[in-house]
Structure formats: C-alpha cells, structure tokens
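I set out to record what I looked up in this structure, entry by entry. The notes follow the order in which I consulted it.

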Amino acid sequence: MTLFSASRIATMLLRYLYLLRSSWPRALELVYWPTIQMILWGYTSQFLMTNSSYVARASGVLLGAVLLWDVMFRGQLGISVSFLEELWSRNLGQLFISPLRPYEWALAMMAMSLVRVAIGVVPAALLAIPMYHYSIFTLGLPLVAFFALLVAMGWALGLAIGALLLRHGLGAESLAWLAAFLLAPASAVYYPVSVLPHWVQIWAALLPSAHVFEGMRGVMFEHRFALDHFLAATALDVVYLAIGGWLFLDSFEAARRRGSLLQQGE
Amino acid sequence: MADDAFVVETKGLVKRFGATEAVGGIDIAVPGGTTAALLGGNGAGKTTTLAMLLGLIEPTSGSIRVLGADMLRDRHRVLARMNFSSPYMDLPHRLTVRQNLVVYGRLYATLALKERIARLARDLQIDGFLDRQTGTLSSGQRTRVALAKALVNEPELLLLDEPTASLDPDTADWVRTYLEAYRARTGATLLLASHNMAEVERLADQVMMMRRGRIVDRGTPQELIARHGRASLEEVFLDIAREKDLAAQ
C-alpha cells in the first residue's frame, strides 16, 4: 500500500467533478460570486468617483443600506434555511404524511423568517449606534414600511427558491445563498438607480427593493417619504408573493407526481 | 361502489414514472383490525404503493379509499388517523427525541400529548434517551423512536415499510411483539411492506405477493405455502422471484 497515490487523489477529484457536473446550480455558483461582486462594486465605485459628497450629505446612508439589504436577504434566507433543514434531515416525507398542508408549512417558514431577521439584524442595528453613532431607527415610521416591503420581497424569493429545491433537490441548495445577491446590482442598494444603464433601470423598476432604497435615500437626503415608490413596491410585492406562492405549491404537487418527497437528497 | 368495511381499498392503482411502470394496476382490500403485508423483492413496487396510500405520491390512475376517504380528493380528512414508519424517512437529527415527538404529536393534534409521550417512552423503552439528539442514537434506538413517532397519534391505520430492517434479531423480535400487542389492544389495522419472510409469516393475516408492480398472488401465509407446494413462505417468495429472473432472460 503506497503512502501517496496520485491515482487516489485523481479518483477523489473525479468524484467531485461528477458532483459538479450533476448540478448546474453548483457550476453556476463558481462564476456567480466574482461576477456579482464586480458589478456591484463597479457601480458603487463609479458613482462615488463623481459624487464624493454623497456619504457626507447623509451620514449613515451606506450603513442604513447595508442593514436594510440584510433585512431582505435574511427574510429570504429565513424561508430557505427552514426549507433546507427539512431536506438535510430527509424529513419531508414525515411532514407530509401528517395533516400538515403545504401552505401551512409556507406560512410557518415565513413566521420563522421574521424570527431570523430579528435575531440577525436587530443586534447589528443596535451595535451601529455606539460604534458609528448611526441609528437606523432615526428613519422613523418609514423604516416600518421599508422593513415590511423588504421582508415580503424576501419571502417571495424564498418561496420561489423553495420551488426550485422541490424540483432539483439539494443540487439547487447554493441558489438559496446566492439568489438575493443576483438582484443586488439592480436593487441600487448603495447608489441611486439613475447610476445604472438605462436597460438595468427598467429591471430596477420591477424590483421592490430598488423602490425601497430610493425611498430610503429620499428620507435621508430630502426628508420626504416617497409615496410613489412605496406604492410601486407594495404592488410588486403582492404580485411576487402570489407568483412565489403559486410556484411553491405547484412544485409541491409536481414533487408528489414524481414521488420525490420521499427521495430528497444531493 | 367502495365498501367501507375495508380500511384500505384500492382499485386499478397505477403509477408510472415516465416510461417505467412502478405499480401496474393493483387491487388491495384490507379489512379493519387485520394485518396485511405486501411481500416482494427490491423494486417490486411495495414502497411506491405505500407512498400512494399515504398521499405522498400521486397515482397515475386508479382509486384509493382509506378509512372511508377518497385519498385522491380528500386525504387530509383522514391523515390524522393514520401514520407510517420507514427506515427511509428520518426524523430531524438535531432535535431531541422528545422535541420530535412533541412536534409530530402537535401536527397530529394528539390529546394529552405529555402523557402520550410518557406512555410511549415507557412502552417502547426510549425514556432513557428522550432528551438526547435523535442523530446520536443507535440504529435500534432510532427504530424505536421512529415507531414512537408513528404511534404518537394512536393511529387506526399503521403503515410500516420494512419495520425491522437493519435491526438485530432480538430487537426485531421485540418490535414484532410490540406491533402484535398494539393491534390487539387498539384494534388498529396494519399494512406492512417487507421482504422479511419470518416477519410476514408471523404478523400477517393476508399476504399480497408483488412482482414488477403487480400482485401476482395473495392469501394467508398458510394458503400461499400450500398453493405453491412449499414448506415456507421464503420458498414461495423464491419461486416468484425466480419466475421474474426467467422472464427477464
């Protein structure tokens, strides 16, 4: 028995390549992060180069954006992680031979997502007060609206990812961690929508998050609550929640037809 | 017209996965208070059949009535009165045994849940590890916990997929004895899928021999043994399995 075998190493490499080849989301993940980071920070740098007074005009605008973005991300992750917990523990079959209905499960995951958002974001928001002398709570009542709109968007996205997980199993797991960031550049988290190329602005208009961040900057820079952005974000959230819910329930029924509720795995 | 004397009744039950026919038009009728067994080799269609009875898999065609309900239209009416145990379905590993039983007891709306869990813990001898994480248990302990979960709602219909798979003979015998006692005490109906002949011979009033998604013979264990002119159910099983091999050549 040799102490070092190139053949065994190559075999294990082959094993991981088989896994990578078997799941397109895993392959996509490799390309995804560097590209998204490049786009997001590219727009941010471009904007700050020509608007150096931006941060000075409203201190905390970046911190507020980071915290609110995390509300959306944690809202989505709250659903996705609860969903993944059931897949990881091969528990879906047990759940759905019980009287539990799929929409009850979805509502429970939404409730759990609120708990996760509270646990994840509230301590960070409180910590920002002594560390950076910035309190996101100074946004006042609009903060409640921003919070609700971003959580609702996170839920819609979480339900859609749940639908993909039901169809593709744990092979689509990485989407749970990546999907929200795909929307980050067009959400205009750290810069105004006007910085984006025209065709991306069209996409931004379809994202509740872009309206929320425009609204946040409206409160911070102009001290006004942009009702048009609020209404647009609310309408979009309603549509996306309906689509997310439909996709989720439809994928559940498809999983029943395929018999995959018993066999969720990698 | 369905006969509600049967706790489980299927007619022409078919399940196809693409071009593969997993279950090919089976009729099942299990009277209340009896134990029936689906017996067959790997890939015979036993687990798929049980999953259809539980509503986990939607049949391609055919009808299913369980406890008087049409399972294709109205399964939620009776799911609280049935339960299932299978080595192929886990309970969450990071939850303790007690937490798992509380979650499932609540999903099944079990009354006096605390007392029910205490009784199950005593009867199934799991009280020594009720507060341990389920993932840390041995195979035999996990089987007893899975059985406790399957009995948490004191089901009128208990479906079991290979209930003693991977258990040592002593633990397997203990589980069989417990199931017999449960049926005698509650009058419940049991339907199990297995390829353990001793188990089926001991527990079942009625055996349905499955091969390639079809029921190829049925009767009491004694009737089947006599009809095939064999000394045991295992020999009957081998006859049927070898017919499959010959047909495949």
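Entry 1, a helix pair. In this predicted model, I looked up how helix 7 of chain A lies against helix 8 (residues 173-182) of chain A: their axes come within 10 Å and cross at roughly 145°. I noted the crossing of helix 7 of chain A and helix 8 of chain A as right-handed. From helix 7 of chain A, the contact draws on Leu157(A), Ile161(A) and Leu164(A); from helix 8 of chain A, it draws on Leu175(A), Ala176(A), Ala179(A) and Ala180(A). I then sorted this contact by class and found seven nonpolar, no polar and no charged residues.

Entry 2, the core. I asked which residues have the most contacts inside the largest nonpolar core. They are Leu150(A) and Leu159(B), in a core of 138 residues. Helix 7 (residues 141-168) of chain A supplies the largest share of this core, 17 residues. I add as background that nonpolar side chains tend to be buried together in soluble globular proteins.

Entry 3, Leu159(B). Setting aside neighbours within four places in sequence, I listed the contacts of Leu159(B) as Leu50(B), Leu53(B), Leu54(B), Met82(B), Phe84(B) and Leu191(B).

Entry 4, Thr186(B). I located Thr186(B) in helix 6 (residues 169-186) of chain B. Why is Thr186(B) classed as partly exposed? I counted 14 other C-beta atoms within 10 Å of Thr186(B); a residue is exposed at 12 or fewer and buried at 20 or more, so this count places Thr186(B) in between. I also recorded 8.9 Å between the C-alpha atoms of Thr186(B) and Pro155(B), which are 31 residues apart along the chain.

Technical notes. Residues are numbered from 1 along each chain as its sequence is written. Chains are lettered from A and ligands numbered from 1 in the order in which they are written. This is a predicted model: local features need pLDDT of at least 70, side-chain atom pairs count only at pLDDT 80 or more; totals for chains, interfaces and linings use all residues. A nonpolar core is a set of buried Ala, Val, Leu, Ile, Met, Phe, Trp, Tyr and Cys residues joined through C-beta atoms within 7 Å. Helices (H or I, at least four residues) and strands (E, at least two) are DSSP runs, numbered from the N terminus. Two residues are in contact if their C-beta atoms, placed from the backbone, lie within 7 Å. Axes are lines fitted to C-alpha atoms, for helices over the stretch in contact, and angles run from 0 to 180 degrees between N-to-C directions. A crossing is left-handed if the near helix is turned anticlockwise from the far one by less than a right angle, and right-handed if clockwise. Ala, Val, Leu, Ile, Met, Phe, Trp, Tyr, Cys and Pro count as nonpolar, Asp, Glu, Lys and Arg as charged, and the others, Gly among them, as polar.
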